[in-house]
Amino acid sequence: MTASASRHADHPIDPLFLERWSTRAFTGEEISETELLTLFEAARWAPSAYNAQPWRFLYARRNTQAWDRFFGLLNPFNQSWADRAAALVVLVSDPQFQPPGADQPVLLRSHSLDAGAAWGNLALQAARGGWQAHGLGGFDIERAITELNVPTGYHVELAIAIGRPGPRPDLPEALLARELPSGRRPIETFAFEGGFVSA
């Protein structure tokens, strides 16, 4: 069994998987361009169908010109804690790709799955470097498409807040009780040898 703080794995895994979690308490510390590019470098090496690499990361670091535009896309609940993030990212995927030797692009059925693999790599690299990345769906997707110049046909997946973990008391009162690493369902509820088993 592997353990890290309040989390325990039922089987031996790298502790990094337990150290990564979606905190909302950030210090407000800035992240350098080099440190942020390191997270994108980890995302770059994610697996994807046909090596299509359909992910696109749009981002703003705090105290830069683009920050207010990205922050303004978040709903009020997420703004209440993400104001202390070091970077805000919007993950977009391209549903089309052109196979080698083909004349026309075709649908890449796994574009969201592949973008998710890239996001997972980014989140793990963030935890390895003393940061944390929190994925969130509470933002204005239609405005993101317009204000971030997302090309027609691309799919907006999620927003991500990245920051250095900070003390819990800095959070709004309503969020304090939720600021704990969450557990996971047992493996037997989602992994079935031989075929799908209904609950």
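Here a trainee and a mentor talk through a predicted model, one question at a time.

Trainee: Let's start with the sheet. In what order do the four strands of the open sheet stand?

Mentor: Good place to begin! Strands of a sheet pair through backbone hydrogen bonds, either parallel or antiparallel. In this open sheet the pairing is antiparallel, and the order of the four strands is 3-4-8-7.

Trainee: Which strands stand at the edges of that sheet, and why is one side of each left without a neighbour?

Mentor: Follow the order 3-4-8-7 from end to end. An edge strand here has a single partner strand, so one side of it has no neighbour in the sheet. The two strands in that position are strand 3 (55-61) and strand 7.

Trainee: By how many degrees are neighbouring strands of this sheet turned against each other on average?

Mentor: For this value the direction of the strands is ignored. Taken as an average over neighbouring strands of the sheet, the turn is 25°.

Trainee: How many bridges join strand 4 to strand 8?

Mentor: Strand 4 covers residues 87-93, and it runs antiparallel to strand 8. One place to look at is Leu91, which stands opposite Leu158 in strand 8. The number of bridges joining strand 4 to strand 8 is seven.

Trainee: And on the other side, which residue of strand 8 is the bridge partner of Gly135?

Mentor: Strand 7 and strand 8 (residues 155-163) run antiparallel, with five bridges joining them. Look for Gly135, then cross over to strand 8. The partner you meet there is Ile160.

Trainee: Is strand 7 largely enclosed or open, and how many of its five residues are buried?

Mentor: Strand 7 spans residues 132-136. It is largely enclosed by the rest of the structure, because the number of its five residues that are buried is four.

Trainee: Which helix lies across strand 3, strand 4 and strand 8?

Mentor: Try looking along strand 3 for a helix that runs at about 165° to it. That helix covers residues 33-44 and lies across strand 4 and strand 8 as well. It is helix 2.

Trainee: Is Val90 buried or exposed?

Mentor: Val90 has its place in strand 4. Leaving aside neighbours within four places in sequence, its contacts include Phe57, Phe70, Phe139 and Leu158. Its relative accessible area is 3%, and buried means under 20%, so Val90 is buried.

Trainee: Which strand gives the most to the lining of the largest cavity?

Mentor: A search of the whole structure finds one cavity of 30 Å³ or more, and the volume of the largest cavity is about 40 Å³. Among the residues that line it are Leu88, Val89 and Val90. By class the lining has eight nonpolar residues, with no polar and no charged ones. With three residues, the strand that gives the most is strand 4.

Trainee: What about the largest pocket: how many of its lining residues are charged?

Mentor: The largest pocket has a volume of about 650 Å³, and of the 21 residues that line it, those closest to its centre are Ala9, Ile13, Leu18, Arg184 and Arg185. Strand 2 (7-9), helix 1 (16-19) and helix 5 (111-128) each supply at least two residues of the lining. Divided by class, the lining has ten nonpolar and six polar residues, and the number of charged ones is five.

Trainee: Is Asn51 buried or exposed?

Mentor: You will find Asn51 in the loop between helix 2 and strand 3. Its phi is near 55°, a positive value in a residue other than glycine. Its relative accessible area is 52%, and the cut-off for exposed is over 50%, so Asn51 is exposed.

Trainee: Gln53 lies in that loop too, so what is its phi?

Mentor: Yes, Gln53 lies in the loop between helix 2 and strand 3. At 31% relative accessibility, it counts as partly exposed. Although Gln53 is not a glycine, its phi is positive, at about 50°.

Trainee: One last residue: which residues does Asn78 touch, not counting those up to four places away in sequence?

Mentor: Asn78 is in helix 4 (residues 76-82). It counts as buried, because its relative accessibility is 6%. Beyond those sequence neighbours, the residues it touches are Leu136 and Gly138.

Conventions:
Residues numbered from 1 in each chain as written. Predicted model: local features only at pLDDT ≥ 70, side-chain atom pairs only at ≥ 80, totals over all residues. Heavy atoms only, no water. Buried < 20%, exposed > 50% of the residue type's maximum accessible area, 1.4 Å probe, protein only. Pairing = 2+ DSSP bridges. Axes fitted to C-alpha atoms, helices over the stretch in contact; angles between N-to-C directions. Contact = heavy atoms within 4.5 Å. 1 Å grid on protein atoms, 1.4 Å probe; cavity = no way out; pocket = protein on both sides within 12 Å on 5 of 7 lines; lining within 4 Å. Points joined across faces, edges and corners; volume = space filled by probe spheres on them. Nonpolar A, V, L, I, M, F, W, Y, C, P; charged D, E, K, R; others polar.
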